[in-house]
Amino acid sequence: MEQKYEEEIQMLQQEIEMLEAEQEETLRSIFIEHGDRLQHELKSVFEGRGGAQKPTLSKLITEVRELEKDLRRQTEINGIALNECFVKTLHKSERKLVQQLRLAGHCSVLLFQVEFAVTEIQEGDALLRRVTELNIVVDGVEFKDFSAFVSRVEDTKDLLLFFRTLRTFSERCEERRQTFQHFQEKYPDVVSLPEGCRSELMIIRSPQLPGISMTIFWKIDVSMEGVVKPSLELLLKMPDQAREFDTKKVMENGSNYFQSLLQILGVEASIEGLIRTVCL
Amino acid sequence: MKSIMETMEQGVLGHLMALERGGMGQQDQHDSQRLEMLKARAVTLRAKRDQIKQQTDVVKILKDKISKDLPLEDDAAAAGGFIEQQKSMLTAWRMQLKDLQRAHHLIGGYELVECKEGKSVCVSFHTAFEGVYLETYNMELDLTRTVQISRHNIPPSFPLESFAKQNLQKDFKAFLQTLSQNLNALAARRRQVCLLKELVGSVEVMESNQLCNILVLMCTAQSETPKAVLCTLEYGDLSQCLPTRVSIECEGFRVLNFKVIRSHDHYCVSKDERLNSIQISI
């Protein structure tokens with residue numbers, strides 16, 4: 001008699017677990033496949049259509065509003081905006097959880113797509129968590145020299161290092177972009193950005209001095225350990241005839257002079273100085 | 001006529017039998033209590049199962065309607081299922097929001113939480129090394145007049161004050177970033193020491209410190225007579241988890257000092273800063 005009940009209880013518990021997992025998956029799939037429609041329908045829910053709302057609904061709505069507020073806060077402080085977040089639970093038991101996540105988003109103007117698998121095991125008081133797979137795709141003209149770092153991070157599964165580095169890298173890229181844009185707007189006749197303001201190239205040329213150009217390469221190197229190092233280089237071009245007059249050997253030493261200038265005046269003032277020299 | 005002994009035996013036996021019956025009765029009581037309990041539990045679970053099944057059905061209908069691009073407010077819905085439908089939609093949205101929160105947590109977010117009606121905030125620093133999540137450090141910052149660190153669980157050997165002095169007032173995000181980087185480096189160095197102790201039998205960790213920026217190892221060099229080699233690793237840059245200087249001592253040999261430099265995709269140790277480099281793989 002007892003045994004019959006015990007068996008039924010076990011069966012019911014399993015059934016409940018299965019139904020809950022099914023409900024979770026269906027809910028997630030609604031969002032994945034029909035997120036837009038869902039958002040649209042939710043608008044009317046939030047506007048409180050259909051007369052007085054039942055208490056269960058208003059409690060849910062408050063909870064959802066709080067979650068949205070918290071997410072805005074996290075996005076702001078982390079500097080990482082997640083536009084897409086798909087979660088698949090591969091295994092869930094009392095002590096173990098295995099999930100696959102697919103995230104897409106941006107850090108300022110840098111776009112990324114990250115897919116990873118995470119395993120969590122509860123051992124007594126401690127929760128052991130580990131990333132077991134990691135795939136990263138980054139998109140943007142800034143990522144020219146980023147691939148060595150990305151490969152390394154994928155190998156070592158260092159998800160946190162990727163995002164820490166991405167943040168720092170995006171800050172340096174933003175500094176470069178703002179500086180380049182500033183100078184192009186201030187000296188439109190002399191400064192050109194042939195590959196756009198997000199690239200590493202700025203050319204300074206005066207229309208009165210054809211054949212003479214100063215090219216600034218503002219590289220942002222990322223080491224395999226995630227150390228972000230900006231470095232600026234100057235390349236001078238002068239027509240052969242002008243070289244005869246180059247008694248002070250400016251062509252040879254120009255780039256070194258520029259490095260010294262950078263150390264003394266900093267980036268903006270140094271670039272401004274260079275531009276001024278061709279603004280006759 | 002029974003003898004006195006027989007009477008006594010009957011009495012004792014009878015007493016024993018009465019005790020036995022009493023015990024069984026208690027067992028019976030236990031049994032019937034347990035049966036009642038199991039019955040009640042089965043009923044509760046059945047009800048829960050039915051409720052979840054109903055919710056799941058509503059969710060499935062909702063999904064069906066949405067995927068077929070049907071209006072959600074139809075006759076069936078008006079008949080009372082509309083609220084259930086809305087509840088399902090909200091639950092779907094809530095699930096996504098919670099997933100996003102978890103995602104931020106897993107990618108090492110700071111998890112800023114406002115406390116005391118905005119008078120203070122709490123942040124968390126998650127650390128990990130090569131995919132393994134390690135310690136989480138927490139900090140409460142008081143915002144009343146200037147930004148001040150009020151509580152934290154960061155180890156005392158960590159130069160928290162100097163980082164705070166650098167950035168805390170001027171650039172909060174830079175402060176968080178610097179702390180996150182250095183705490184992760186600390187956790188990584190510590191983990192490397194643990195792994196060394198666990199996995200490499202031939203190396204003994206002689207000395208290490210709180211910040212794990214000095215490591216003294218006793219290795220055994222494979223030769224005809226195994227020699228003990230003492231390696232000292234210095235981690236000059238606290239924001240990194242790789243050494244900057246290596247010193248090797250072995251009896252009968254001169255002490256060798258190396259500086260660790262990075263070259264493209266491998267590390268070299270260069271002796272006396274001349275380019276006579278020896279490659280070591282890390």
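**Close-up 1. The hairpins of strands β2, β3 and β4 in chain B of this predicted model.** A hairpin of five residues links β3(B) to β4(B), and these two strands, residues 132-142 for β3(B) and residues 148-152 for β4(B), pair in the antiparallel sense over four bridges. Strands here are DSSP runs of E with at least two residues, and helices are runs of H or I with at least four residues, numbered from the N terminus; two strands pair if DSSP finds at least two bridges between them. Opposite Met139(B) stands His152(B) of β4(B). On the other hairpin, β2(B) (residues 120-129) runs antiparallel to β3(B) and is joined to it by nine bridges, with Ser120(B) having Asp142(B) as its bridge partner. Two residues lie between β2(B) and β3(B), and Glu130(B) in this turn has a positive phi of about 50 degrees. Local features are given at pLDDT of at least 70 and side-chain atom pairs only at pLDDT 80 or more, whereas totals for chains, interfaces and linings use all residues. Residues are numbered from 1 along each chain as its sequence is written, chains are lettered from A and ligands numbered from 1 in the order in which they are written, and side-chain values use heavy atoms, without hydrogens and water.

**Close-up 2. Cysteines without disulfides in chains A and B.** Over all chains the structure holds zero disulfides, a disulfide being a pair of cysteine sulfur atoms within 2.5 Å. For Cys197(A), the nearest cysteine sulfur is that of Cys173(A), 11 Å away. The sulfur of Cys122(B) lies 3.3 Å from the closest cysteine sulfur, in Cys115(B), which is too far for a bond. Cys197(A) is partly exposed at 22% relative accessibility, as is Cys122(B) at 26% (buried is under 20% relative accessible area, exposed over 50%, partly exposed in between, with a 1.4 Å probe and protein chains only).

**Close-up 3. The surroundings of Thr215(A) in strand β7 of chain A.** Thr215(A) belongs to β7(A), which covers residues 213-222, and is buried with a relative accessible area of 7%. When neighbours within four places in sequence are left aside, Thr215(A) is in contact (heavy atoms within 4.5 Å) with Leu201(A), Met202(A), Ile203(A), Glu233(A), Leu234(A) and Leu235(A).
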